[in-house]
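The following report describes selected strands, helices and contacts of one protein structure. Please consult the sequence and the coordinates alongside the text.

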Amino acid sequence: MNAEPERILFLTGKLAEKQLRQILAAMQPDFLYKVKEMGVKVAALMTTEMIGRRLQDTDGATRIVIPGRCRGDIAALSQQLGVPVERGPEEVKDLPLYFGKGAHHYDLSRYRTKIFAEIVDAPTISVEAIVERAHYYRANGADVIDIGCLPGTPFPHLTDSIRTLKQEGFTVSIDSLEDADLLAGGRAGADYLLSLTERSLWIADEVAATPIVIPQVHGDLSSVDTAIEGLQRKGRAFIVDPILDPIHFGFTASLARNYQFRQRYPEVEMMLGVGNLTELTHADTAGMNALLLGICSELDINHILATEVSQHACRAVREADRARRIMYAAKQHDSLPKHISADLLTVHDTAPFPYRRDEIEAIAAEIKDPSYRIQVSRDGLHVFNRDGFHTAVDPFELFPKLGVESDGGHAFYLGVELARAQIAWQLGKRFTQDQQLSWGCAAQGVESEADLHTFKPAGTTLKKAHRDETDHPQSPDQPAPSSAS
């Protein structure tokens, strides 16, 4: 017996109603639907309180979808109406994605691959600086703080550094090819030893730390066989790093080597040193981390060694953290790593231009107030109000047409918004007026997500010393009178 189809009621504003109906018709959804215009021009200015006052009949809906920017308490509205209410996408054009892949909410709290974040200059900085760096790495997703030693560089505070980190609750590894450093680090309480070879494996018998084994001869996997056999015989936990080489210095062969090792030892824990790619390739690291953590996911490599030495790799640990979570979620759902999270889409967006120029012109034709709206299409930047529609790819071309020469605050506001719009158009990113561009996990110091339960306060360009408060009413039932609000 077939289940009765879902009945969804879509609430919208006057400007978006026609387009919403066209999109739903083109979707040919497997649910029944109705569209109700709520007596407000701009859908984003609806509130849950307004809906509660105006919606007298839910038309038998089993679910109600309201605009994504609708402010208010949807739980209270659901209880009032007796029907589940949810926010849809911020742009009506994203409805097909919302009801497709985008409707699935992935759990990104889980992962398998541990991140070892290396402090490469530990011998040259103080214990306090090491602890400060460790807290930074942990805040960005690191599971283990790797204390890097430098060849020929004295490290008199090695023991103090490790003991202090342990007291602060960190998991720690010591990273050196010198036996004395490894032995001292293990005795100080390090949890891991990077890196032991067949010849230095005796150190593992002296301390409790987990050894991470590399080939005695670079590229020769057979040189770890004896070490693996001995450690397994003793019942010791261990990790093997077959070594990932930089591009043009053995990269492809080293990928094959990691694959071959996994085929020979399907159950042995492995490590991948991703820094040899992220540090030694001048390209954005977000994509590299996505690919490298994808390799880890396929080969069940549950440990990576990451660094942030080069300035272009200054978000590498954070990116690796996002990548491991995305890849884990994709693997658990037997899916491609698409539409799971936008955290690694730092430069481009999947659907940067939701509206064509002709669609934006149709919206502009309905505008009856002087507030400027800014939208972006493949054709460039579009600025419009009741008095005109202007298009350009260079914001400076628009300034003479906007009539804000005597209003410094408004001119400043429009300049900022048009600059964001130009960057979005040039790169292929989504632009939404009054919101900063989204840079995924690559940016720092960005404003937090808008609180959908409150109205955004007036910005500094509206806070003029002698402005009458009644000039800019903020009634939720009325369109905002100025785009600078």
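## Strand pairing and helix contacts

Ala365 is found in the loop between α13 (357–364) and β13, where helices (H or I, at least four residues) and strands (E, at least two) are DSSP runs numbered from the N terminus. This is a predicted model, in which local features need pLDDT of at least 70 and side-chain atom pairs count only at pLDDT 80 or more, while totals for chains, interfaces and linings use all residues. Residues are numbered from 1 along each chain as its sequence is written, and side-chain values use heavy atoms, with hydrogens and water left out.

Ala365 counts as exposed because its relative accessibility is 51%; exposed means over 50% relative accessible area, buried under 20% and partly exposed in between, with a 1.4 Å probe and protein chains only. The C-alpha atoms of Ala365 and Phe384 are separated by 9.1 Å, although these residues lie 19 residues apart along the chain.

The strand that follows this loop, β13, belongs to an open sheet of 3 strands in the order β13-β14-β15, with antiparallel pairing; two strands pair if DSSP finds at least two bridges between them. Its edge strands, each pairing on one side only, are β13 (373–377) and β15 (388–392), and neighbouring strands of the sheet are turned against each other by 20 degrees on average, direction ignored. Within the pair of β13 and β14, Gln375 stands opposite His382 in β14. Helix α15 (residues 408–427) lies across β13 and β14, running at about 10 degrees to β13; axes are lines fitted to C-alpha atoms, for helices over the stretch in contact (heavy atoms within 4.5 Å), and angles run from 0 to 180 degrees between N-to-C directions.

Elsewhere, strand β9 (residues 210–213) has Thr210 and Ile212 pointing one way and Pro211 and Val213 the other way, all of them buried. Leu196 stands opposite Val213 in β9, and the bridge partner of Ile212 in β10 is Ile239. The table lists strand pairs with their bridges.

| Pair | Sense | Bridges |
|---|---|---|
| β13 and β14 (residues 380–385) | antiparallel | 5 bridges |
| β8 (residues 192–196) and β9 | parallel | 4 bridges |
| β9 and β10 (residues 239–240) | parallel | 2 bridges |

The axes of helix α5 (residues 127–139) and helix α6 (residues 158–167) come within 10 Å and cross at roughly 40 degrees. In this contact, Val127, Ile130, Val131 and Ala134 in α5 meet Asp160, Ser161, Thr164 and Leu165 in α6.
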